[in-house]
Each structure stands twice: as structure tokens, then as C-alpha cells.
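User: I should like to take a close look at a single part of this structure. Please guide me through it step by step.

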Amino acid sequence: MMTDSSGSKSVHTLRHFGRRIASFTPYLGIVPPPALRPMGISAMTMAKNEEDWVASSLNSILNSVDEILVADHGSEDSTPRILARLAHEHPERIRLINVGDRDFPSAINLMMSQTRYRWILRWHADFIARTSGPSSISHLVKRTCSMSAFRHFCIALSGFALDGDLEHQFPDRRDRPEPFLYTYSPRLEYRVRERWESLHVPWYYEKQTWTDAYYFHMRSVKSAARMLQKLYWSRWFDARNKGSSVPMRDYIREKATAEFGTASLEEAAAKFVLDEFQGAIPYSRDVCGDYPEALVPLLQNPPFRLIFNNGKLVGRTEKQHDLSRQRGRGE
């Protein structure tokens with residue numbers, strides 16, 4: 001008798017096979033082939049309060065993709081200035097898009113509509129690409145552009161993740177694969193699914209997962225204030241949908257100080273660090289290989305460092321971060 005697990009796996013396999021067959025329908029004229037765009041890759045990045053890594057993130061792919069569309073989504077730190085500077089320094093490669101006050105899915109759909117090339121790479125502002133080796137961004141580009149020009153593809157990618165500082169990770173070490181690379185179609189659309197945006201992929205796209213770790217995700221190598229925002233954002237989002245008008249920064253301050261039993265956001269952030277990173281384990285070169293080149297210079301003088309005493313986490317240092325200045329920023 002087939003178990004639920006094996007049954008779900010069989011359904012997934014059938015769907016995967018069905019999509020693969022459907023991806024050949026452009027040859028038969030049943031659906032249109034990919035848009036008549038130049039072969040190449042348009043990367044798009046929308047950032048909110050990502051001053052820690054956004055410059056390194058964009059620079060790591062700058063010389064590999066054909067264009068980068070960047071947009072700020074209501075940051076309260078230096079992210080808008082960083083994006084504007086990079087667009088000014090590289091006008092031939094980086095385009096700054098104004099998304100106004102649109103919600104996140106609408107903003108990312110606007111960006112997608114303004115891309116110019118056949119392939120789109122959804123690139124988060126805390127991704128750092130490898131620029132050498134067999135899993136480099138150049139190999140990703142070469143592999144992508146070798147795919148059939150008459151079929152539609154949606155490819156899930158997953159990078160290695162760093163947590164707490166540059167030398168630690170959570171035991172999973174990698175993110176769950178997500179659809180970050182796909183051929184452009186006007187029928188592609190990001191929609192809200194529960195609390196997050198989700199890419200709606202038409203039935204004639206073949207879905208694949210590429211297992212190479214082409215990038216490192218600076219998943220929680222960020223300021224404690226920024227991590228508190230990540231912790232409370234979804235709860236604030238729910239409260240807003242239920243009619244609350246409390247600004248996000250006030251919501252975070254109220255919830256963090258109450259739940260961590262502190263008088264200030266700074267104290268709450270310090271307690272959060274101890275709770276959040278207690279299970280971090282050392283970075284493994286055997287599993288993950290070498291760091292991306294952009295991170296190597298930072299290893300000697302890292303912006304964040306977890307502090308251990310007799311194997312127990314006792315704190316974390318942060319450089320160039322002032323919690324009193326940053327309290328309550330963004331999502």
C-alpha cells in the first residue's frame with residue numbers, strides 16, 4: 001500500500017514530467033516561445049535596509065550579467081544612497097528603478113516588466129556570488145545561456161548560508177531552493193501567498209533545481225536591529241492586515257522589549273542574539289568550499305563576530321552599528 005509520503009512524491013514526479021512535456025509546446029505553436037529579447041540575463045534586486053551587504057552583492061555579479069535593475073523599497077538606512085551611487089558609477093550596467101509606495105509584489109512585478117533580456121535572475125541584496133571555481137557566477141551564466149531558446153524554464157537555486165558572523169552557520173547550512181532564475185514572460189507574476197510573495201509560473205514552464213551553490217547568503221550576518229526586524233515583520237504584517245495602524249518601528253520596539261523583558265531595544269537585541277545564535281556551528285570548508293572572493297578580505301576584520309566562552313555563546317560584536325540610531329528600521 002502506498003504511503004502518504006510516497007504518494008506525494010509520485011504526484012510531484014508526475015507534475016514535473018508534465019511540465020517538461022508542456023515546455024515543448026512552443027515548437028508546436030500551442031503557446032508562444034519565450035519573448036523575442038536578446039539572449040542574456042537581467043538581474044533584479046529590490047532592497048530594504050540592506051546597507052550591510054548590498055554593495056558587495058551587486059559588485060559580485062556586475063561583470064557577469066547583462067544588466068542589473070535595482071530599487072529601494074522604503075529603506076531607513078543608507079541603502080538608497082548606496083544604490084544611487086552604484087547606478088551613477090555603472091550607468092551602462094545598473095539601472096535604478098523607482099517603485100514608489102507599491103507593495104512588494106507589485107514593485108517586483110514592475111521591475112520585471114522593465115527588464116530587457118531573455119533570462120531574469122532574482123538576486124537578493126544579501127547574496128554574494130562566487131566569482132571563481134566550478135560554481136562561479138560565470139558558470140551559472142554560461143549554463144543558463146546554453147538552455148533552449150524555444151522553451152520556458154523556471155530554475156530553483158540555493159546557496160550556502162552564513163549565520164551570526166562569517167565563520168558560523170546553522171546546521172542546515174543551505175537555504176531551501178527557490179525559483180530565482182527564469183525565462184521572461186508577460187504571464188509571470190508575483191502574488192501574495194500567505195505572508196510572502198510567491199512567483200506564479202505558467203503551466204508550460206519546465207521547473208528544474210540546480211544544486212550548485214553559486215552564491216553565499218548572508219542570511220543573518222546583519223545587525224541585531226536588522227535581525228529584530230526580520231523576527232517581527234511577519235507579525236506586524238498580520239496585525240496591519242487585521243486593521244492595526246501601529247507603525248512598524250513602534251510595533252517592534254513594543255514587542256521586543258515586552259517579550260525579552262527589557263527596558264530598551266538595545267537590551268532586547270542583545271538577548272535576541274544569545275537566543276538566536278546559540279545553535280550556530282563553525283563554517284565547514286569541507287562542506288561549503290572556499291568563501292566567495294568578496295568575503296575573504298573581511299575574514300581578518302569581520303563586521304560581526306560571535307563571542308564564545310568555554311564553548312558557550314556569550315555575545316556578539318558589531319562594527320559601525322548604532323542601535324539607538326537604527327531602532328525600528330523597516331522590514
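How do the residues of the lining of the second largest cavity divide into nonpolar, polar and charged?

Analyst: The model shown is predicted, and the description below should be read with that in mind. The lining of the second largest cavity holds four nonpolar residues, three charged ones and no polar ones. Its members are Asp-165, Leu-166, Glu-167, Leu-299, Pro-302, Phe-304 and Arg-305. Under the grouping used here, Asp, Glu and Arg count as charged, while Leu, Pro and Phe count as nonpolar. The volume of this second largest cavity is about 40 Å³. A search of the whole structure returns two cavities of 30 Å³ or more. As for the principle behind such a search, rolling a probe the size of a water molecule over the atoms reveals where empty space remains.

A strand may be described alongside the cavity. Strand β1 covers residues 41-47, and seven of its seven residues are buried, where buried means under 20% relative accessible area. This holds for both faces of β1: Ile-41, Ala-43, Thr-45 and Ala-47 are buried on one side, and Ser-42, Met-44 and Met-46 are buried on the other.

The partners of β1 come next. Strand β4 (residues 119-122) runs parallel to β1 and is joined to it by four bridges; Ile-41 has Trp-119 of β4 as its bridge partner. Strand β2 (residues 67-72) also pairs with β1 in the parallel sense, over six bridges, and Ser-42 has Glu-67 of β2 as its bridge partner. Between β1 and β2 the chain passes through helix α3 (residues 54-61), forming a right-handed β-α-β crossover.

Key. Residues are numbered from 1 along each chain as its sequence is written. This is a predicted model: local features need pLDDT of at least 70, side-chain atom pairs count only at pLDDT 80 or more; totals for chains, interfaces and linings use all residues. Side-chain values use heavy atoms; hydrogens and water are left out. On a 1 Å grid over the protein atoms alone, a cavity is a set of points where a 1.4 Å probe fits but cannot get out, and a pocket is an open set with protein on both sides within 12 Å along at least five of seven lines; lining residues have an atom within 4 Å of a point. Grid points are joined across faces, edges and corners, and a volume is the space filled by probe spheres set on the points. Buried means under 20% relative accessible area, exposed over 50%, partly exposed in between (1.4 Å probe, protein chains only). Helices (H or I, at least four residues) and strands (E, at least two) are DSSP runs, numbered from the N terminus. Two strands pair if DSSP finds at least two bridges between them. A crossover is right-handed if, with the strands pointing away from the viewer, the path from the first strand over the helix to the second runs clockwise.
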